[in-house]
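Reader: Hi! I'm just starting to read protein structures, and I'd love a close look at one part: the sheet and the helices around it. Could you walk me through that?

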Amino acid sequence: MKDFATIRRLVVKVGTSTLAYETGLINIRHIEALVKVLSDLKNAGLQVVLVSSGAIGVGAGKLGLGGRPREMRAKQAAAAVGQCELMYLYDKLFSAYNHTVAQVLLTGDVVADEHRRANVVNTFECLLEWGAIPIVNENDTVSVEEIKIGDNDTLSAQVAQLVGADLLVLMSDIDGLYSDDPRRNPEARLVPQVTRVDKALLDTARGAGSLGTGGMLTKLKAARQVMAQGIDMVIVNGCDPQNLYAVLEGKPIGTRFISGGD
């Protein structure tokens with residue numbers, strides 16, 4: 001695991017369950033705490049990229065829909081509203097710490113095409129050189145099945161590769177990878193470190209987020225992607241954004257996926 005002194009480029013993915021209540025309305029305490037920690041890490045010299053879920057759920061809450069919509073056109077319309085709300089909040093909160101944010105919305109076809117992918121890489125590099133904090137989400141308003149990335153665990157793995165990150169941190173509603181589903185099995189044990197994501201490990205994945213689209217399976221697949229490119233990953237509970245400090249200081253928290261294992 002890389003220590004705090006060697007990490008220079010950090011990608012953090014935050015899930016819907018961390019950003020919003022079950023109603024879809026913003027969890028103000030959590031998002032304010034997250035922005036404060038990321039701003040502090042930025043002040044310490046790290047380049048930070050934030051992959052933020054929540055556009056559909058937040059949009060549904062803002063519109064008073066009473067839950068996440070199921071119809072595709074409704075999801076896309078809710079995302080259009082929610083993305084505005086999220087970026088307004090991020091801009092306002094990061095500005096209080098004198099940091100500038102930039103919105104980057106991606107689709108699968110952009111990442112897959114060599115020329116367009118190169119343009120995305122150049123844009124990220126320029127933003128980071130300028131000291132901005134890119135805030136990334138899938139472009140849910142226009143995404144259809146043919147161009148959809150699918151979930152933000154996968155998106156964050158792709159972003160980590162695009163920017164050449166030293167570390168990817170997935171902030172979830174669970175402490176890390178367990179030997180079984182801890183919500184159903186009180187004997188489930190937290191797995192502190194993984195050096196290889198194989199089929200047997202993938203088969204242990206269970207469950208999915210309440211408002212989001214990802215579960216442990218998507219996180220393990222994200223880990224496999226980034227580890228193949230020499231990028232470490234950590235799954236950590238997002239209920240307390242200060243857990244990021246513990247991760248970067250090498251403290252025993254969450255599950256660490258170490259690249260370069262056999």
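Author: Happy to! One definition before we begin: contact here means heavy atoms within 4.5 Å. Please also keep in mind that this is a predicted model.

Let's start with the sheet. It is open and has eight strands, in the order S3-S4-S2-S1-S5-S7-S8-S6, with mixed pairing. Strand S3 (101-106) and strand S6 (193-194) stand at the edges, and each has a single partner strand, so one side of each is left without a neighbour in the sheet.

Now look further in, at strand S1 (residues 9-14) and strand S2 (residues 47-52). These two pair in the parallel sense over six bridges. To find one of these spots, go to Arg-9, whose bridge partner in S2 is Gln-47.

Next come the helices. Helix H4 (residues 72-95) lies across S1, S2, S3 and strand S4 (133-138), and runs at about 155 degrees to S3. H7 packs on the sheet too, touching S1, S2, S3, S4 and strand S5 (167-172). The direction of H7 makes about 170 degrees with that of S1.

H7 also meets another helix. The axes of helix H6 (residues 114-129) and helix H7 (residues 152-163) come within 9 Å and cross at roughly 75 degrees. That makes H6 roughly perpendicular to H7. On the H6 side, the contact is made by Arg-117, Val-120, Val-121, Phe-124 and Glu-125, while H7 brings in Val-159, Gln-161, Leu-162 and Val-163. Sorted by character, the residues of this contact between H6 and H7 are six nonpolar, one polar and two charged.

Methods:
Residues are numbered from 1 along each chain as its sequence is written. This is a predicted model: local features need pLDDT of at least 70, side-chain atom pairs count only at pLDDT 80 or more; totals for chains, interfaces and linings use all residues. Side-chain values use heavy atoms; hydrogens and water are left out. Axes are lines fitted to C-alpha atoms, for helices over the stretch in contact, and angles run from 0 to 180 degrees between N-to-C directions. Helices (H or I, at least four residues) and strands (E, at least two) are DSSP runs, numbered from the N terminus. Angles under 35 degrees count as roughly parallel, over 145 as roughly antiparallel, 65 to 115 as roughly perpendicular and the rest as oblique. Ala, Val, Leu, Ile, Met, Phe, Trp, Tyr, Cys and Pro count as nonpolar, Asp, Glu, Lys and Arg as charged, and the others, Gly among them, as polar. Two strands pair if DSSP finds at least two bridges between them.
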